[in-house]
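Visitor: I am new to this structure. Please pick one part and take me through it closely, step by step.

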Amino acid sequence: MAIKTVTHLNFRGEARAALAFYQAVFGGKQAALSYRDAQAVQDESEADQIMWGEVDSDAGFHIMAYDVPGRLDWNRGEIPFFVSVRGDGAEEISGYWDRLKEGGAIIQPLGPAGWSPLYGMVRDRFGVTWVLDVAAAG
């Protein structure tokens, strides 16, 4: 039996833009279902927001997202979670890094670390904190 963990991101009206951004960074296929598509509209102003969405790539990147309806409490928070992306090569990780940092803030510059030949932490333009590193050999 196998289990797969997928990070699920919660937004307030930004899920569609966030999914498009992550698809541009990591590639893959994007799917999205609005509240209108699901016939689950409770507030007409939120009908075209995302009830369920994902980006899934053949390289193994998979993320889900939705827009929390206005009737529910939601707070983006300071750093409520990290999304960790570990790759086998510096070129791959550097490419993701370069795209994620656009419009974001670097928390830990990309460079060598005690456990990895390349490690960095960046908060993207949507407030999501990403930890990227290259798997250590051996």
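Guide: What follows starts at one helix, H1, and then moves outward.

This is a predicted model, in which local features need pLDDT of at least 70, side-chain atom pairs count only at pLDDT 80 or more, and totals for chains, interfaces and linings use all residues. Residues are numbered from 1 along each chain as its sequence is written, and side-chain values use heavy atoms, with hydrogens and water left out.

Helices (H or I, at least four residues) and strands (E, at least two) are DSSP runs, numbered from the N terminus. Helix H1 covers residues 15-26. The expected span of a helix is 1.5 Å times one less than its number of residues. H1 has 12 residues, so it should span 16 Å, and its end C-alpha atoms are indeed 16 Å apart. After H1 comes Gly27, with a positive phi near 75°.

Now the buried residues. Buried means under 20% relative accessible area, exposed over 50%, and partly exposed in between (1.4 Å probe, protein chains only). In H1 the buried ones are Ala15, Ala18, Leu19, Phe21, Tyr22, Val25 and Phe26. They cover an arc of only 160° around the axis, so they sit on the same side of H1. That arc is taken from the directions from the helix axis to the C-beta atoms. An α-helix has 3.6 residues a turn, so residues three or four places apart point the same way.

What does H1 lie across? H1 crosses S1, S2, strand S3 (50-56) and S4, and runs at about 175° to S2. Axes are lines fitted to C-alpha atoms, for helices over the stretch in contact, and angles run from 0 to 180 degrees between N-to-C directions. Contact means heavy atoms within 4.5 Å.

These 4 strands form an open sheet with mixed pairing, in the order S1-S4-S3-S2. Its edge strands are S1 (7-11) and S2 (29-34), each pairing on one side only. From one strand to the next, the twist averages 15°. Two strands pair if DSSP finds at least two bridges between them. S1 and S4 (residues 62-67) pair in the parallel sense over 5 bridges. There, Leu9 stands opposite Ala65 in S4.

Leu9 also leads back to the helix. Not counting residues up to four places away in sequence, Leu9 touches Tyr22, Ile63, Met64, Ala65, Tyr66, Phe81, Val83 and Val128.

Next, the core. A nonpolar core is a set of buried Ala, Val, Leu, Ile, Met, Phe, Trp, Tyr and Cys residues joined through side-chain atoms within 4.5 Å. The largest one here has 27 residues, and Leu9, Phe11, Tyr22, Phe26, Leu100, Trp130 and Leu132 touch the most other members. S1, H1, S3, S4, S5, H2, S7 and S8 each supply at least two residues of this core. The largest share, 7 residues, comes from H1.

H1 also has a helix partner. The buried residues of H2 pack against H1, S5, S6, S7 and S8. Those residues are Ile93, Gly95, Tyr96, Trp97 and Leu100.

Beyond H2 there is another open sheet of 4 strands, ordered S5-S8-S7-S6, with mixed pairing. S5 and S8 (residues 129-134) pair in the parallel sense over 6 bridges. Val85 stands opposite Leu132 in S8, and the bridge partner of Val83 in S8 is Trp130.
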